[in-house]
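User: Please take a close look at how the helices pack in one stretch of this model. Then carry on to the surface that faces the nucleic acid.

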Amino acid sequence: MSKPSLPQGTRDFNAETVRKRNYIFNTIRSVFEVYGFQPLETPAMENLDTLMGKYGDEGDKLIFKILNNGLDNEAKKQQAKDDFDKILSGKNTKGITERALRYDLTIPFARYVAMNHGQLTFPFKRYQIQPVWRADRPQRGRYREFYQCDCDVVGSYSLLNEVELANIYATAFEKLGVDVEIKINSRKILAALAELCGGADKMIDITIAIDKLDKIGIEKVKDELVQRGLNESQIDMIEKYLSINGSNDEKLIALKNLVGDNATAKKGIDEIEYLLNYSLPTPNSRLSIDFTLARGLNYYTGIIFEVKAKGVQMGSIGGGGRYDDLTSTFDVPNIPGVGISFGVDRIYDVMEELNLFPETVQTATQVLFFNLGDAESKAAFGLMQQLRAKNVRCEMYHEQTKFDKQFKYADKKQIPYAVIIGTKELEEGNCNLKNLKESTQQTLTNGQLLDFTF
RNA sequence: GAGGGCGUAGCUCAGUAGGUUAGAGCGACAGUUUGUGGCACUGUAGGUCGUGGGUUCGAGACCCAUCGUUCUCCCCA
């Protein structure tokens with residue numbers, strides 16, 4: 001037997017952590033529900049060809065593939081060897097692997113919509129909170145198994161959906177007590193910039209470079225644009241674009257001056273103005289235009305979102321945006337959508353760092369019943385069950401032993417109350433209730449104990 | 001995919017220029033004469049020094065490999 005260990009990049013969660021994580025999940029889930037979104041769960045594994053080719057070349061490498069069963073079947077040995085040779089030359093084959101662990105929640109959702117679009121009522125609003133797996137190299141804040149928390153609306157072009165999603169962000173983070181800035185931009189504006197700087201085909205090059213701005217600075221971004229084949233006047237324009245600042249209104253004015261004649265840009269500006277026209281329900285969060293926001297994923301086509309926590313050094317804790325055609329890859333065209341995602345693991349880290357978890361999240365045992373003999377513990381057990389029926393969290397020490405050990409057990413589990421029923425109390429039909437933090441004790445009748453407010 | 005750091009007791013770590021029986025703190029367990037804990041004191045258990053080779057009279061220490069872990073870059077949540 002070797003020492004037990006965990007697969008790389010996975011974690012156990014102890015009771016305290018599970019409770020805190022559930023607090024985050026439940027908070028977000030309740031907001032989704034209030035906004036009329038319905039839950040969806042999909043299998044941990046998908047057919048490999050559902051996933052392959054959807055995340056780019058890099059993404060394909062990071063998909064966890066599942067080995068087929070029955071490869072040791074003697075009768076099919078030669079076939080298995082031939083198939084394995086294909087694997088070695090870099091091709092996937094159903095003979096060796098035909099299933100894989102899901103890599104995100106968006107593609108399984110698209111698969112679901114494509115399979116069921118005849119039955120669904122559009123716009124279809126779903127949320128999904130499940131783990132995903134990536135064969136990435138683990139590092140700080142990055143794991144091979146982690147949760148995603150998505151909500152999307154498909155089958156509607158209405159910008160009202162964007163308004164609702166912005167409100168979901170604001171409401172959820174307000175409930176969690178996390179002070180955030182919700183940044184918005186439009187891919188149409190970025191597309192217009194590309195049109196004006198070397199053509200629409202440069203859009204991906206430009207967005208990738210811009211996306212790195214806050215990380216590497218303007219000079220390095222310019223270097224990268226040079227490498228990607230842009231000329232001096234084009235880079236000059238991008239620099240002007242990136243240096244726009246001020247309030248939302250001031251930014252819009254500056255942008256209109258820069259690219260306002262362009263039809264695509266105008267559409268993007270209209271979208272942003274529409275969104276800003278609705279105010280958020282909460283004082284501690286606000287929408288702010290960030291024209292440098294690009295987001296890496298190429299399928300976004302309209303408004304894009306990104307959420308940053310204020311007061312901590314941490315990457316984005318949420319993101320999303322509009323995409324024109326979610327399901328055409330599964331031969332079901334013309335289903336547009338817009339969605340957002342919460343980065344639960346990072347939200348957890350932010351809340352831990354800022355000490356934002358409420359005390360009440362930790363709902364451990366409230367009362368320990370001492371075990372002081374057969375007859376005594378039997379009487380205690382009866383009382384304990386009555387308290388439990390009133391939703392008081394109780395446990396009884398597992399065996400009769402001296403006081404010292406039972407007190408120490410309560411200490412270690414940070415149980416605030418002890419109920420002590422010894423021979424004397426048993427005879428008199430009462431009990432001692434001790435407050436272990438304050439070291440005070442009172443004698444109660446059994447009836448008084450059952451009515452006590454813990 | 002590229003490049004660093006670190007693997008010694010359950011946990012956090014010491015272990016000097018290679019030299020007998022590998023240490024501390026915390027934790028665990030037991031006790032300080034069995035109806036009131038947290039403190040204190042005493043004692044006990046627990047390590048193939050990640051693994052496998054190599055150098056040496058001698059390796060926890062040096063070299064190589066391997067595994068694990070962690071960080072940076074790429075990419076992402």
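Analyst: The conventions come first, then the helix pairs, then the RNA surface and two backbone details.

This is a predicted model, where local features need pLDDT of at least 70, side-chain atom pairs count only at pLDDT 80 or more, and totals for chains, interfaces and linings use all residues. Residues are numbered from 1 along each chain as its sequence is written, chains are lettered from A and ligands numbered from 1 in the order written, and side-chain values use heavy atoms, without hydrogens and water.

Start with helix H7 (residues 187-196) and helix H8 (residues 203-211). Helices here are DSSP runs (H or I, at least four residues; strands are E, at least two), numbered from the N terminus. The axes of H7 and H8 come within 9 Å and cross at roughly 115°. Axes are lines fitted to C-alpha atoms, for helices over the stretch in contact, with angles from 0 to 180 degrees between N-to-C directions. The crossing of H7 and H8 is right-handed (near helix turned clockwise from the far one by less than a right angle; anticlockwise would be left-handed). H7 makes the contact through Arg187, Leu190, Ala191, Leu193 and Ala194, and H8 through Met203, Ile206, Thr207 and Ile210. Contact means heavy atoms within 4.5 Å. By class, this contact has 7 nonpolar, 1 polar and 1 charged residues. Ala, Val, Leu, Ile, Met, Phe, Trp, Tyr, Cys and Pro count as nonpolar, Asp, Glu, Lys and Arg as charged, and the others, Gly among them, as polar.

Next comes H8 against H9. Their axes come within 7 Å and cross at roughly 140°. H8 and H9 are therefore oblique to each other. Under 35 degrees counts as roughly parallel, over 145 as roughly antiparallel, 65 to 115 as roughly perpendicular, and the rest as oblique. Ile206, Ile208, Ala209, Ile210 and Asp211 of H8 meet Leu213, Asp214, Val221, Glu224 and Leu225 of H9. The tally is 7 nonpolar, no polar and 3 charged residues.

Now H9 (residues 213-227) and H10 (residues 232-242). They pack at about 165°, axes 10 Å apart. That makes H9 roughly antiparallel to H10. Their crossing is right-handed. H9 brings Leu213, Ile218, Val221, Lys222, Leu225 and Val226, while H10 brings Ile235, Ile238, Glu239 and Leu242. The classes are 8 nonpolar, no polar and 2 charged residues.

On to the RNA. RNA strand B is surrounded by 32 residues, with Arg134, Arg142, Tyr143, Lys405 and Asp411 the closest. A residue is near if one of its heavy atoms lies within 4 Å. Of the atoms of RNA strand B within 4 Å of the protein, sugar and phosphate account for 40%. By class, the surface near RNA strand B has 7 nonpolar, 8 polar and 17 charged residues. Helix H15 (403-412), helix H16 (423-428) and strand S15 (430-435) each supply at least two residues. H15 gives the most, with 7 residues.

Specific atom pairs follow. An N or O atom in the side chain of lysine 405 is 2.5 Å from a phosphate oxygen of RNA strand B. Bases are reached too: a polar side-chain atom of arginine 137 lies 3.2 Å from a base oxygen, and one of asparagine 432 lies 3.4 Å from a base nitrogen.

Last, the backbone. The peptide bond from phenylalanine 122 to proline 123 is cis, with omega near -5°. Proline 123 sits in the loop between helix H5 (106-116) and strand S5 (124-133). Aspartate 331 has a positive phi, near 65°. Its loop runs between strand S10 (318-323) and strand S11 (337-342).

Conventions
Polar contact = N/O pair within 3.5 Å; in protein donor to acceptor, adjacent residues only side chain to side chain.
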